[in-house]
Amino acid sequence: MTVGLRGLPGKIVVVAGAATGIGAATAKRLGAEGCSVVVGDVAAEAAQQTADALVAAGGQAVARTFDLADPSSVAALIEFAAATYSGVDAIFNVGADMGAVRADTDVVDIDFELWDRVMAVNLRGYVACMKYVIPQLLSRSGGVVVDMSSAAAFQGEPARPAYATAKAGIGKASRRTSSCRAKIAGSAQQLDARRLGDAMRAPRRLTADRRAGPAGPPSRTSARPR
Ligand SMILES: NC(=O)c1ccc[n+]([C@@H]2O[C@H](COP(=O)([O-])OP(=O)(O)OC[C@H]3O[C@@H](n4cnc5c(N)ncnc54)[C@H](O)[C@@H]3O)[C@@H](O)[C@H]2O)c1
């Protein structure tokens, strides 16, 4: 059964990593709910296919190629979204280099090029998305950031140290960001469109103190890790 979501029609949402998997499914659902969606991904052809499928289903979407590993490319994605739809209301940071993760076996055997790659894409890329989108959100008096985490951030397991470290870092970056800058930064292990809708419907007000200072009290996230 598909449950309808309230409060989403007309929202402008960037899905950063929307060519395949969870990002593509979320982008399509957001389109079906009446959002204008920017389908961002390093995989240009697949991103275009996601956007085309969304438009064919009656929604609004544009594809934009970008690379989470390159902060200037992230900045260009956000600028493109704001210019295309006259602003940005929300971002779903979901992209990850899962190919690199497959070679991420053990600390003793770690290849530091692989470690750096996972950090550049899966962690710093999310921070870059927050860095460049938050001024856009604040220029519209607020918005929503949802960062995709993983159970790997919380569980012990004998593999994927770089992936788990990046995901744990995302949780910390989300919470630090939500406590001083944005209305909401959600950290989610498994995020479906309904929980994204929950996050987008209930933005917290940004106070003057939080806008000015680096350290307000920690705020609760609306999409909590499971
Ligand atoms: N699938 C799961 O079971 C699961 C569980 C927990 C968390 N996650 C997280 O969910 C997210 C999506 O996972 P998925 O299973 O849908 O994987 P996926 O590989 O289908 O999707 C990842 C997307 O990120 C894109 N991407 C890769 N490198 C990029 C880069 N440098 N710049 C921009 N985009 C890039 C890929 O092209 C792809 O479209 C990831 O953050 C993953 O860690 C997945």
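# A walk through the chain, starting at helix α2

Select E45 and A56 in helix α2: both are exposed, on the side of α2 away from its buried residues. Keep in mind as you click around that this is a predicted model.

**Stop 1: the rest of α2**

Now highlight the whole of α2, residues 44-56. This helix has 13 residues, and its first and last C-alpha atoms lie 18 Å apart, close to the 18 Å expected at 1.5 Å a residue. Which of its residues are buried? Color A47, T50, A51 and L54 and you have them. Turn the view so you look down the axis of α2: the buried residues fall within an arc of 95°, so they line one face of the helix. There's a handy rule behind patterns like this: an α-helix has 3.6 residues a turn, so residues three or four places apart point the same way.

What covers that buried face? Show α1, β2 (36-41) and β3 (60-65), which are among the elements covering the buried residues of α2. Before you leave, click on G58, which follows α2 and has a positive phi, near 100°.

**Stop 2: V39 and its company**

Next, select V39 and look at what surrounds it. Setting aside neighbours within four places in sequence, V39 is in contact with V15, A18, A27, A47, T50, A51, A61, V62, A63 and R64. You've already met three of these, A47, T50 and A51, as buried residues of α2.

V39 also belongs to something bigger. The largest nonpolar core holds 58 residues, and V14, V15, V37, V39 and V133 have the most contacts inside it. Which helix gives the largest share of this core? Select residues 112-139, helix α5: twelve of the core residues come from there.

**Stop 3: zoom out**

Switch to a cartoon view for a moment. The chain has eight helices and six strands. Trace it along the sequence and you'll follow the pattern β-α-β-α-β-α-β-α-α-β-α-β-α-α. Buried residues account for 48% of the 226 residues. Of the contacts between residues at least 6 apart in sequence, 70% join residues that are at least 24 apart.

For an example of two residues that are far apart in sequence, pick D70 and G125: they are 55 residues apart along the chain, yet their C-alpha atoms are 7.4 Å apart. D70 sits in the loop between β3 and α3. With 16 C-beta neighbours inside 10 Å, D70 counts as partly exposed.

**Stop 4: helix α3**

From D70, move on to α3, residues 71-85. Its 15 residues should span 21 Å at 1.5 Å a residue, and the end C-alpha atoms are indeed 21 Å apart. Color V74, L77, I78, A81, A82 and Y85, which are buried. Look down the axis of α3 and you'll see these buried residues within an arc of 125°, so they line one face of the helix. On the other side of α3, S72 and A83 are exposed. And what do the buried residues of α3 pack against? Show β1 (12-16), β2, β3 and α5.

**Stop 5: two positive phi angles**

Step just past α3 to S86, in the loop between α3 and β4 (90-93). S86 is not a glycine, but its phi is positive, near 60°. That's worth a pause: most residues other than glycine have a negative phi. Is S86 buried or exposed? It is exposed, because just 10 other C-beta atoms lie within 10 Å.

Now jump to R160, in the loop between β5 (144-148) and α6. R160 is not a glycine either, and its phi is positive, about 60°. With 19 C-beta neighbours inside 10 Å, R160 counts as partly exposed.

**Stop 6: I170 in α6**

Carry on into helix α6, residues 161-180, and select I170. I170 counts as buried because it has 26 C-beta neighbours inside 10 Å. Add A153 to your selection: A153 and I170 are 17 residues apart along the chain, with 8.9 Å between their C-alpha atoms.

**Last stop: the ligand**

Finally, center on the ligand. There are 21 residues around it, and A19, G21, L68, G95 and A96 come nearest. Color these surroundings by type and you'll get eleven nonpolar, seven polar and three charged residues. Which helix gives the most to this shell? Select residues 21-32, helix α1, which supplies three residues.

Terms used
Residues are numbered from 1 along each chain as its sequence is written. This is a predicted model: local features need pLDDT of at least 70, side-chain atom pairs count only at pLDDT 80 or more; totals for chains, interfaces and linings use all residues. Helices (H or I, at least four residues) and strands (E, at least two) are DSSP runs, numbered from the N terminus. A residue is buried if 20 or more other C-beta atoms lie within 10 Å of its own, exposed if 12 or fewer, and partly exposed in between; C-beta atoms are placed from the backbone. Two residues are in contact if their C-beta atoms, placed from the backbone, lie within 7 Å. A residue is near a molecule or strand if its C-beta atom, placed from the backbone, lies within 6 Å of it. Ala, Val, Leu, Ile, Met, Phe, Trp, Tyr, Cys and Pro count as nonpolar, Asp, Glu, Lys and Arg as charged, and the others, Gly among them, as polar. A nonpolar core is a set of buried Ala, Val, Leu, Ile, Met, Phe, Trp, Tyr and Cys residues joined through C-beta atoms within 7 Å. The expected span of a helix is 1.5 Å times one less than its number of residues. The arc is that of the directions from the helix axis to the C-beta atoms.
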